[in-house]
Amino acid sequence: MDQDTPALRGKSDEFCKQLMDNLHDAVYCLDRERRITYWNKAAEKLTGYCAQEVLGTKCNDNVLVHVDESGYQLCKEDCPASHAMASGVPQNKDIYLRHKLGHKLSVSVHASSLVDSQGRIVGAVEVFSDNSQKREAQEQAKALGDALKELDATCARLHTELAERKRVEEALSRSEGHLRTIVDNLPIGVLFTDAQGNLIFANAALQQIWGGARFGGVEQYAAYKGWWASTGKQVKAEEWAAYRAVRNGETSVNEVIEIETFDGQRKTIFNSAFPVRDEKGRIVGAVVTNEDITERQHGQESLIRSEKLASAGRMAATIAHEINNPIAAVMNLLYVLGANPSLDADAAKLITVIDEEIGRLANISRTTLGFYRNDSDHSVVNVAKLLDEAVELYSRKVQENSIYVDRRHVTEQFVSANEGELRHLFANLISNSVDACPSGGRLLLRVIPFREWGNSQKPGLKITIADNGRGIDPRHRRNIFEPFFTTKETVGNGLGLWVSKTIVQKHGGTIRVRSSQGRGTVFQIFLPKSRAEGAF
Amino acid sequence: MAIARCKPTLLCVDDNQPALHVRQLVLESAGYTVLVASDSATAMEIFSSSAVNMVVSDHFLRDGTGIELATAMKKLKPDVPIVIISGLLNAPEGMEHADLFICKTDSPPQVLEKIAGLLNGRS
């Protein structure tokens, strides 16, 4: 700047001064001794110190207390203005100064050296301004930045959690799928109920057992028909194990129940149930299992029957042997006695009676104890004659009860059969009818040529043995041909009708019964002409 | 009442004395000569040393069964018919070693008829 005339200098000084005082930024100048030589209006305003107070003071007197970020005081050793003067390089710094009133001011400082026309450094000029807004903005930006980082981190975490949850859900879903498949494939019927006992799920096996399923509330339980195997009583809705599990927390194991399925079949099942509880121990539902044991039951029943039969057979054989010996001895004695000439007519008659009685005893031994053998000799048998002879066995009882025996058959009716077994068969049925008849009752016997019922139309005979006695209780109808089934409390072994049925079947025939309680019973037996035609 | 032509000799075996005795009486009343034994050993002795036309034996004997006795006897004299008479209602196992089974529930006339029938069949 080569305009160094006094007139110009004065004018330019005035101009400069006005300019400087009108600046927005604070300005101050230092000489080489760091004395403040100029302090503009903006500086006064910003710092609170007026020019008079600071002019002539050294900046290293620390009036302004310039400190940096870390609180380190700069004015003594680290003054930006001094650095600018010393190095000739402009200095920029963001620092704090102390306002006259004592509060801290955040300022941006720009210091540069002043040179004369010869380029010699004669002082420094510092421009500073309030950068608190800038600082605030910076801080806000930083805060935002930090917040953003945190958000990012949170997002990442949520992302991971979500992925994890998805994995877990998939695993759960797979696991549920497995469980459902397992339950559906179990060979045991499974039912679920909810906490109220409503039936909500039935697996394939259960539906197979019951021929379907009924869902819904406890009133649906009545749709499931069952009877306790031990008592024969119907299972009431509230007696079902499912109900007890849900209401009382009861666990039931393998209750034997006879059921009638939705498609009308009769089966036997094991019924079990247990309650399901949540982590607090409250009942949230029940699980029921049903196992079809019909086969097993029948198998077991058959086995027990055979064993009973075998042991009964053994016992009967032993008893028979024991009593037959004395019977033979008595018969022989009577025979010898009967031939004794010293007997008078009355004595001889008595011998005859005794003989008859013993004969009856022998007969009973043969028929009652000699049941079911594999002797299968068939011969031509006169069925009508056998029937007559069988009635004779019960002549005493028939007479005592004034039973009218109505024989409606032609005398000669033949089939090829085992005579002994037919005798046994007729004796059984006639015995039952005679027992059932009231005083003055009627026993009907009939034999006619016949072609078998149904498709076969085999030729043979139909034998009818009927009475007008008390009849068969309908509840027992389905049991009467079973071995060891008897309604007579003191007499009988329950084998009569079973043996009778077996004999008829062995001959390739069929046996039927009709009965009306209080009115009477009719047995009808068909025997084919010969076993060959019976094709058994 | 069937009676054999010549007086055949029957050997009766039973370990029950009264039963044995009364069977003897019945058979004798039909005209047979009756030898008796109450066990297998005695029966075998008599069987081997005497001329016997038929043996009528109980099944359950003190020292063995009637079937076992029959088997032994058949080895000695296979032509002599052997009857097993027993309280059993069904013939025991091994009847192929004997000729006829009679149950003790048969009346005396029935027994005599069957014995005569068997003897006649043979002669």
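## Burial and the two chains

A residue counts as buried here if 20 or more other C-beta atoms lie within 10 Å of its own. On that footing, 37% of the 123 residues of chain B are buried. For chain A, buried residues make up 28% of its 536 residues. Keep in mind that this is a predicted model.

Chain A is built from 14 helices and 18 strands. Chain B has four helices and seven strands, and going along its sequence they come in the order β-α-β-α-β-β-β-α-β-β-α. Take the contacts between residues at least 6 apart in sequence: in chain A, 55% of them join residues at least 24 apart, and in chain B the figure is 58%.

## How confident is the predictor?

Chain A comes out with a mean pLDDT of 86, and 94% of its residues reach 70 or more. Chain B has a mean of 91, with 93% of its residues at 70 or more. For the complex, the predictor reports an ipTM of 0.89 and a pTM of 0.46.

Within chain A, which elements mark the lowest and highest mean pLDDT? Helix 14 (residues 531–534) sits at the bottom with 52, while strand 11 (residues 283–292) tops the list at 95.

## Where the chains touch

The contact between the chains draws on 22 residues from chain A and 17 residues from chain B. On the chain A side, helix 8 (294–338) and helix 9 (345–369) each put in at least two residues. Helix 8 of chain A gives the most, with 14 residues. Sorted by class, the chain A side has twelve nonpolar, seven polar and three charged residues.

One residue to look at on the chain B side is B:Gly87, in the loop between strand 6 and strand 7 (100–103) of chain B. Is B:Gly87 buried or exposed? It has 25 C-beta neighbours inside 10 Å, so B:Gly87 counts as buried. Setting aside neighbours within four places in sequence, B:Gly87 is in contact with A:Ala320, A:His321, A:Glu322, A:Asn324 and A:Asn325, and also with B:Lys104. The C-alpha atoms of B:Gly87 and B:Ile102 are 8.8 Å apart, with the two residues 15 places apart along the chain.

## The nonpolar cores

In soluble globular proteins, nonpolar side chains tend to be buried together. In this model the largest nonpolar core has 39 residues, and those touching the most other members are A:Val383, A:Leu387, A:Ala390, A:Phe426, A:Ile430 and A:Ile463. Several elements of chain A supply at least two residues each: helix 10 (383–392), strand 14 (414–417), helix 12 (419–436), strand 15 (442–451), strand 16 (459–467), helix 13 (496–506) and strand 18 (520–528). Helix 12 of chain A has the largest share, at seven residues. For a local view, try A:Leu387: leaving out residues up to four places away in sequence, A:Leu387 touches A:Phe426, A:Leu445, A:Val447 and A:Ile463.

There is also a second, separate core of 37 residues, with B:Leu11, B:Met54, B:Leu61 and B:Leu112 among them.

## Strand 18 and its partners in chain A

Strand 18 of chain A is mostly covered, with seven of its nine residues buried. Which strands does strand 18 of chain A pair with? Strand 16 of chain A pairs with strand 18 in the antiparallel sense over eight bridges, and A:Ile465 stands opposite A:Phe523 of strand 18. Strand 17 (residues 510–516) of chain A also runs antiparallel to strand 18, joined by seven bridges.

In that second pairing, A:Ile511 has A:Ile525 of strand 18 as its bridge partner. Strands 17 and 18 of chain A form a hairpin with three residues between the strands, and there A:Gly518 takes a positive phi near 85 degrees.

## Helix 3 of chain B

Helix 3 (residues 66–76) of chain B has five names on its buried list: B:Gly66, B:Ile67, B:Leu69, B:Ala70 and B:Met73. Looking down the axis of helix 3, these buried residues fall within an arc of 155 degrees, so they line one face of the helix.

What covers the buried residues of helix 3 of chain B? The cover includes strand 1 (9–13), helix 2 (40–49), strand 3 (54–57), strand 4 (60–61), strand 5 (64–65) and strand 6 (82–86) of chain B.

Note on methods: Residues are numbered from 1 along each chain as its sequence is written. Chains are lettered from A and ligands numbered from 1 in the order in which they are written. This is a predicted model: local features need pLDDT of at least 70, side-chain atom pairs count only at pLDDT 80 or more; totals for chains, interfaces and linings use all residues. Two residues are in contact if their C-beta atoms, placed from the backbone, lie within 7 Å. Ala, Val, Leu, Ile, Met, Phe, Trp, Tyr, Cys and Pro count as nonpolar, Asp, Glu, Lys and Arg as charged, and the others, Gly among them, as polar. pLDDT is the predictor's confidence in each residue, from 0 to 100. A nonpolar core is a set of buried Ala, Val, Leu, Ile, Met, Phe, Trp, Tyr and Cys residues joined through C-beta atoms within 7 Å. A residue is buried if 20 or more other C-beta atoms lie within 10 Å of its own, exposed if 12 or fewer, and partly exposed in between; C-beta atoms are placed from the backbone. The arc is that of the directions from the helix axis to the C-beta atoms. Two strands pair if DSSP finds at least two bridges between them.
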